[in-house]
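Colleague: Before I use a model of this kind, I would like to learn how to read it feature by feature. Could we work through one together?

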Amino acid sequence: MMISGCKTCIQMRTLVFTLICLINFCLGDFQDVKKPPHPHIIFVTLRDMGWDDVSFHGNPEIPTPNIDRIANHGVILQQYYTTPYCEDSVTAFKTGKLPIHYRRPKTAEEYNSRSQPYDLWNYLDIQSYVIREIGNIDCEDTNVPFYPWEVIQKAEDVLKQHDQIYPLYLQVNFPQLHADYPEQVPEEYRDRAKNIPFEARKIYAGMIMQLDRAVGHLIRILYDTGILHNAILFFTTITGGTKGNNFYTWPSTYPFRGSNGTVWEGGTRAIGFVYSNRIQRRGRVSYGLMHITDWLPTIFRLAGGNPEHVVETDGMDIWDSINSDDYSPRMEILYGIYGNISAVRVGDFKLIQGESYVPFSQRPMAKGEMKNLVRPYTIWDSELECANYPDAIGCWPDIAPCLFNVRFDPCENNNVAYFMPQTVEALAYSLKKYQDGDIYRSRRDVSEQLEVDSEKYREILKRLRRSAEELNVKDIRK
């Protein structure tokens, strides 16, 4: 009887030991998927790509299925602005400051001095992020060969070697897109763009298709390494579409006026979207106002920091607007101040002055080409259409200031300055405050914003609301 009892005890102990081993084995498998304390941040940048050069905005001429798939399952930023010039945009992105509030160091001593402001990398370093950058944003040299696969190969090496227990910030900078080097476009991409009758535009389209495939490969690497499940992916262009020597050579800024180097919508409104499993409301378009300076406080918050601790910044934390479709805290956008050329947006209204006249943009297509193309799949409201104003008043900002409701007239067709002089006066006052340098704010929440020169600023908002009621606009918040 004793021997039988001992055997039973041994069998029970063996069973318990086996169960413990199985549990440890299973837990070990789950522990292989390492989760960092804060999300990985993947930031992809492009230079001088036009608004209409991605098919998720509705253009069937150049298909970008990989970019579309990520954008349509994320949040498309429909009112995302940069600055008219590449150097200013890079400065605004890194420091969170408008160009008029940033003094570039002129000597090595100034550059190395502690008086220089913290940039994005400094704030991420505080949060113990592993920081890696692939490629350079070179604003001077436009003759850099376009070889996206070199960038992707380096990014793949970084992602596969990274220990995922540590949060990663990876910035992937693709070279500038241009059609000056036809030898950089493989024959297979030219064949896919055979529907385009213009050779230069065909080369440019081939580069975009090559870029789209490279982006798809990057997403696959992120998925295979498991980083994508714990990451937030940002995809943006640094500037609007650039100018070119030939109408059919360079990016298409349709349906906007202007291009890179101007304060028209085509030179400042940029492509942008965000993708992550952490986003509560995905697969939509966000119409919240956003500026390139907002990336620094927003990313710092995602990295576990307090955005209010970001000192001397013009940016705002707009993550709630992206994540849950909440109102954006940003109410105004400074397009830029360049001598007598300037533009500002407050609410839905934009005031532009001093800029040269630019005609309405057209898609660089041959007559009848659109009929033979398959329309891409787009989500609701991702395509912009310009309203037809048969009695529209023209705009020559170099002669007199022009006023547009760019929320409902993004193509800047109907100048309403003549009918709304009080709104012109209100926006001119706001622009003057930028010019005088009095509007610098380290923390710009709406309530704090109203406290600065409160009486005059409240009067500005009252006039804007009154003007909006005249146009039956209900989007300006109370």
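Modeller: What follows goes from confidence and overall make-up to helices, their packing and one loop residue.

Colleague: Where should I begin, and what is the mean pLDDT of the protein?

Modeller: Where pLDDT is low, the predicted coordinates should not be read in detail. This is a predicted model, and the mean pLDDT of the protein is 80, with 75% of its residues reaching 70 or more. Residues 1-7 stay under 50 in pLDDT, and the model gives them 0 contacts beyond four places in sequence. Over residues 473-478 the pLDDT is also below 50, although this stretch has 19 contacts in the model beyond near neighbours in sequence.

Colleague: How many helices and strands does the protein have, and what share of its residues count as buried?

Modeller: The secondary structure comes to 14 helices and 13 strands, and of the 478 residues 54% count as buried. Among contacts with a separation of 6 or more, 76% join residues that lie 24 or more positions apart.

Colleague: Taking helix H8, what span should its 26 residues have, and how far apart are its end C-alpha atoms?

Modeller: The check compares an expected span with the distance in the model: at 1.5 Å a residue, H8 (residues 199-224) should span 38 Å, and its end C-alpha atoms are 38 Å apart, which agrees. H8 is also mostly covered, since 19 of its 26 residues are buried, and it is followed by Gly 226, whose phi is positive, near 80°.

Colleague: And what does the check on span give for helix H12?

Modeller: For the 16 residues of H12 (residues 421-436) the expected span is 22 Å, and the end C-alpha atoms are 22 Å apart, which agrees. The buried residues of H12 are Thr 423, Val 424, Ala 426, Leu 427, Ser 430, Leu 431, Lys 433 and Tyr 434, and just after H12, Gly 437 takes a positive phi of about 75°.

Colleague: How are packed helices described, and at what angle do the axes of H2 and H8 cross?

Modeller: Two packed helices are described by the angle between their axes and the distance between the axes. The axes of H2 (residues 65-72) and H8 come within 7 Å and cross at roughly 50°, which makes H2 oblique to H8. On the H2 side the contact is made by Pro 65, Asn 66, Ile 67 and Ile 70, and on the H8 side by Asp 212, Arg 213, Val 215, Gly 216 and Ile 219. These residues divide into 5 nonpolar, 2 polar and 2 charged.

Colleague: Are H6 and H8 roughly parallel or roughly antiparallel to each other?

Modeller: The axes of H6 (residues 148-161) and H8 come within 10 Å and cross at roughly 5°, and the two helices are therefore roughly parallel to each other. Residues of H6 including Trp 149, Ile 152 and Leu 159 meet residues of H8 including Ala 214, Leu 218 and Ile 221. By class, this contact has 9 nonpolar, 2 polar and 2 charged residues.

Colleague: Let us finish with a loop: is Gln 79 buried or exposed?

Modeller: Gln 79 sits in the loop between strand S2 (75-77) and strand S3 (80-81), and it counts as buried because its relative accessible area is 2%, where the cut-off is under 20%. Beyond residues up to four places away in sequence, Gln 79 touches Arg 269, Ser 286, Tyr 287, Gly 288, Leu 289, Met 290, Arg 345 and Arg 407. One of these, Ser 286, is 207 residues from Gln 79 in sequence and 7.6 Å from it in space, C-alpha to C-alpha.

Note on methods. Residues numbered from 1 in each chain as written. Predicted model: local features only at pLDDT ≥ 70, side-chain atom pairs only at ≥ 80, totals over all residues. Heavy atoms only, no water. Helix = DSSP H or I, 4+ residues; strand = E, 2+ residues; numbered from the N terminus. Expected span 1.5 Å × (residues − 1). Buried < 20%, exposed > 50% of the residue type's maximum accessible area, 1.4 Å probe, protein only. Axes fitted to C-alpha atoms, helices over the stretch in contact; angles between N-to-C directions. Parallel < 35°, antiparallel > 145°, perpendicular 65-115°, else oblique. Contact = heavy atoms within 4.5 Å. Nonpolar A, V, L, I, M, F, W, Y, C, P; charged D, E, K, R; others polar. pLDDT = per-residue confidence, 0-100.
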